[in-house]
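Welcome! Here is a short tour for anyone meeting this protein model for the first time. Please keep the sequence and the 3D view at hand as you read.

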Amino acid sequence: MKVSLIIATYNWPQALELAVLSAFKQSRLPDEIIIADDGSTEQTRLEIKKLTEKSKVPIIHLWQEDNGFQKTSILNKAFAKSTGDYIIQIDGDIILHHHFIKDHLGLAKKNAFIQGGRVLLGPEISEKILSSKNTDVNIFANDIKRRKDGIRFLALSNFIAAGYRNSHPKYFARGANMSFWREDLILTNGYNEDFSGWGHEDSELTIRLLNAGKQKLQLKFGGIAYHIYHKEETSKKQDQKNRELLENTVKSGIIFTPKGLNQYLDA
């Protein structure tokens with residue numbers, strides 16, 4: 001099975017470097033790395049160039065002009081460009097445990113997609129990691145939240161994956177740690193590009209996958225990802241509009257979004 005690792009980024013090359021370096025250390029390497037860049041400056045391009053020279057697998061840098069927060073469109077472009085049967089999606093401020101890809105593939109099955117969790121690194125440990133460029137995170141260090149999401153116990157992980165529930169609705173999702181079959185993304189047409197700005201685009205895609213009869217698996221105690229701390233800088237002005245789009249998908253039961261990845265498939 002060919003695997004594409006897609007990393008979404010915007011103007012934080014220091015964090016992106018750690019995300020990619022942790023991908024280089026995977027016990028099961030991806031077959032390609034696609035960096036979905038929503039308008040970063042030249043500094044990010046130069047960093048990616050350096051990483052590409054070190055990489056054992058192809059790195060593809062997809063860039064679009066900075067037109068505000070347009071993550072849905074750059075991810076759809078990355079989905080269309082990908083050649084993997086299976087797609088693992090993270091954000092550019094995520095450091096991967098060295099069995100991250102192996103764990104996603106171990107849980108993957110047809111007609112299902114996966115939501116993983118995040119260990120939250122605080123400002124102090126994040127600063128140290130960014131300075132040292134050390135991607136080996138000690139979950140027993142100070143300044144860490146959601147520490148339990150850093151425990152790897154695959155027997156329990158596989159046992160609870162289908163039935164795990166938390167306080168969020170079943171469709172709640174965070175794209176910082178997700179994986180899908182490429183054919184399922186084509187079936188649903190990927191992200192809905194009517195979403196712009198921060199919020200709810202991952203959950204809306206999840207609803208359509210569920211509407212299409214795909215099973216959501218929760219990857220706990222495996223697929224470990226560490227989120228580098230940053231201040232919440234993204235404007236949430238579009239939150240209400242995006243919430244309305246989400247609620248419309250909940251009510252309508254649609255599977256396919258008209259404004260999605262199909263516009264890039266023949267590009």
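## A pair of helices

Let's begin with two helices: H1, covering residues 13-24, and H2, covering residues 42-54, pack at an angle of about 15 degrees, and their axes are 10 Å apart. As you look at them, keep in mind that this is a predicted model.

What does that angle say about how the two run? Angles under 35 degrees count as roughly parallel, and H1 and H2 are therefore roughly parallel to each other. Their crossing is right-handed.

## The sheet of seven strands

Next, find the open sheet of seven strands, in which the pairing is mixed. Reading across, the order is E3-E2-E1-E4-E9-E6-E10. From one strand to the next, the twist averages 20 degrees.

Which strands stand at the edges of this sheet? They are E3 (59-63) and E10, and each has a single partner strand, so one side of each is left without a neighbour in the sheet. The partner of E10 can be followed in detail: five bridges join E6 to E10, and these two strands run parallel. Here glycine 116 stands opposite leucine 219 in E10.

## The sheet of four strands

There is also an open sheet of four strands, again with mixed pairing. Its order is E5-E11-E7-E8. At the edges stand E5 (94-96) and E8 (144-145); each of them has a single partner strand, so one side of each is left without a neighbour in the sheet.

Further in, strand E7 (residues 119-121) and strand E11 (residues 225-227) run parallel and are joined by two bridges. If you would like one pair to look for, valine 119 has tyrosine 226 in E11 as its bridge partner.

## An open pocket

Now for the spaces between the atoms. The second largest pocket has a volume of about 450 Å³. Strand E6 (112-116) and strand E10 (215-219) are the elements that give two or more residues to its lining.

How many residues line this pocket? The lining has 20, and those that lie nearest the centre of the pocket are Asn166, His168, Phe172, Gln218 and Lys220. By class, the residues of this lining divide into nine charged, six polar and five nonpolar.

## A closed cavity

Finally, the count comes to one cavity of 30 Å³ or more. In the largest cavity lies about 50 Å³ of space.

Which residues surround that space? Its lining is made up of Gly117, Arg118, Asp149, Asn177, Leu219, Lys220, Phe221, Gly222, Gly223, Ile224 and Ala225. Sorted by class, this lining has four nonpolar, four polar and three charged residues. You may recognise Leu219, one of the lining residues, as the residue that glycine 116 stands opposite in E10. Lys220 is another familiar name: it lines the cavity and is among the residues nearest the centre of the second largest pocket.

Methods:
Residues numbered from 1 in each chain as written. Predicted model: local features only at pLDDT ≥ 70, side-chain atom pairs only at ≥ 80, totals over all residues. Heavy atoms only, no water. 1 Å grid on protein atoms, 1.4 Å probe; cavity = no way out; pocket = protein on both sides within 12 Å on 5 of 7 lines; lining within 4 Å. Points joined across faces, edges and corners; volume = space filled by probe spheres on them. Nonpolar A, V, L, I, M, F, W, Y, C, P; charged D, E, K, R; others polar. Pairing = 2+ DSSP bridges. Axes fitted to C-alpha atoms, helices over the stretch in contact; angles between N-to-C directions. Parallel < 35°, antiparallel > 145°, perpendicular 65-115°, else oblique. Left-handed = near helix turned anticlockwise from the far one by under 90°.
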